[in-house]
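Reader: I'm new to this one, and I'd like a close look at a single part rather than a tour of everything. Could you take me through the aromatic rings that pair up?

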Amino acid sequence: MKVGLIGFGRLGRLIARYLKEDADIIVCDLTDISKQAKELGVSQGTLDEVCACPIVIPFVPISEFENLMIQIKDKLKPGTLLVDVCSVKELPVNAMLKHLPEEIQILATHPMFGPDSARETVFGHKIVLCPIRIKDKLYSDITRYLNGHGLKVIESTAEEHDRQISHSLVLAHFIGRTLMDTGATRQDIETLGYKRLMKILGVVQNDSWQLFVDMNKYNRFADQARARFIGSLTAIDQKLRLGEDE
């Protein structure tokens with residue numbers, strides 16, 4: 001089985017490292033990735049060659065996803081499975097349904113891990129699947145493959161995913177970015193709770209600012225989640241300043 005990857009950033013390289021054990025991987029990117037591809041032991045090809053694979057996985061910023069769909073919609077072969085890995089789901093799903101021909105299968109996913117958390121293994125990590133337009137047998141084969149590699153599969157709709165992730169991911173990154181902005185660092189005298197906060201900072205600081213902006217901008221539930229959090233922070237701070245009881 002050949003799997004084509006469009007984009008070869010940190011997540012693309014991580015997924016390629018695991019998938020190459022079970023599939024022939026061919027990758028393309030706007031930049032020169034020949035060194036990284038050679039080191040990882042995967043093939044490098046053109047966009048056309050990648051789109052000729054039976055499974056195609058784009059690893060591009062959320063803000064560029066729809067433009068990519070427009071670019072590749074006539075390059076994909078009938079029956080191809082397009083798998084997105086964006087940290088929001090409604091936008092890529094709508095873009096795929098809008099631009100891809102009906103004979104192209106669609107599986108929206110969100111690996112709930114990254115290059116830092118899954119550096120050693122994906123075993124025990126979660127992955128969200130939103131089956132949009134995919135044959136039952138293929139979907140069953142994919143879920144069995146993921147389960148067989150120790151991943152915990154969560155099936156969801158795109159809307160429910162974005163609703164929950166606006167709290168579990170967006171707020172975590174919001175807190176992490178805030179800690180970065182305040183210059184928070186490890187202390188000699190620190191509590192277990194503070195150590196956990198530093199773990200959040202450690203994960204967030206390796207992700208790009210563009211990812212942080214996109215996961216907020218393109219998740220319609222993110223503004224409300226942030227506003228409620230900021231409102232609660234302000235209210236608690238005001239109670240402290242006024243010496244009010246809880």
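Author: Here is a walk through the aromatic pairs, with a little background on the chain to begin with.

Keep in mind that this is a predicted model. The chain has 246 residues, and 43% of them count as buried. It folds with 11 helices and eight strands, and its C-alpha trace spans about 65 × 35 × 35 Å along the principal axes. If you look at contacts with a separation of 6 or more, 66% of them are between residues 24 or more positions apart.

Now for the rings. How many aromatic pairs does the structure hold? There are two. To describe such a pair, you give the distance of the centres and the angle of the planes.

Let's take F174 and F229. Their ring centres are 6.3 Å apart and their planes stand at 80°, so this pair is edge-to-face; the cut-off for that label is over 60 degrees. Where do these two sit along the chain? F174 belongs to helix α8, which covers residues 170-182, while F229 is in helix α11, residues 222-242, so the pair ties together parts that are 55 residues apart in sequence. As for cover, F174 has 18% relative accessibility and counts as buried, since the limit for that word is under 20%. F229, on the other hand, is partly exposed, at 25%.

The other pair is W209 with F212. Here the centres lie 5.2 Å apart and the planes meet at 50°, so the pair is called tilted. That label fits because stacked needs planes under 30 degrees apart and edge-to-face needs over 60. Both residues belong to helix α10, residues 209-217, and being three residues apart there, they are separated by about one helical turn. Are they buried or exposed? W209 is exposed, with a relative accessible area of 54%, whereas F212 is buried, at 9%.

So, side by side: F174 and F229 come from helices α8 and α11, while W209 and F212 sit within helix α10.

There's one more ring to look at while you're here, and its partner is a charge. R17 lies over the face of Y18, at 4.8 Å from the ring centre. For the wider charge picture, the chain carries 31 positive and 33 negative side chains, and the centres of those two sets are 3 Å apart. And if you zoom out to the surface, the accessible area of the chain is about 14,000 Å², with 53% of that belonging to carbon and sulfur atoms.

Key: Residues numbered from 1 in each chain as written. Predicted model: local features only at pLDDT ≥ 70, side-chain atom pairs only at ≥ 80, totals over all residues. Heavy atoms only, no water. Helix = DSSP H or I, 4+ residues; strand = E, 2+ residues; numbered from the N terminus. Buried < 20%, exposed > 50% of the residue type's maximum accessible area, 1.4 Å probe, protein only. Contact = heavy atoms within 4.5 Å. Areas by Shrake-Rupley, 256 points an atom, 1.4 Å probe, with all protein chains shown as cover. Lys, Arg positive; Asp, Glu negative; His and termini not counted. Charge placed at Lys NZ, Arg CZ, Asp CG, Glu CD. Phe/Tyr/Trp six-rings, centres within 6.5 Å; stacked < 30°, edge-to-face > 60°. Lys NZ or Arg CZ within 6 Å of the ring centre and 35° of its normal.
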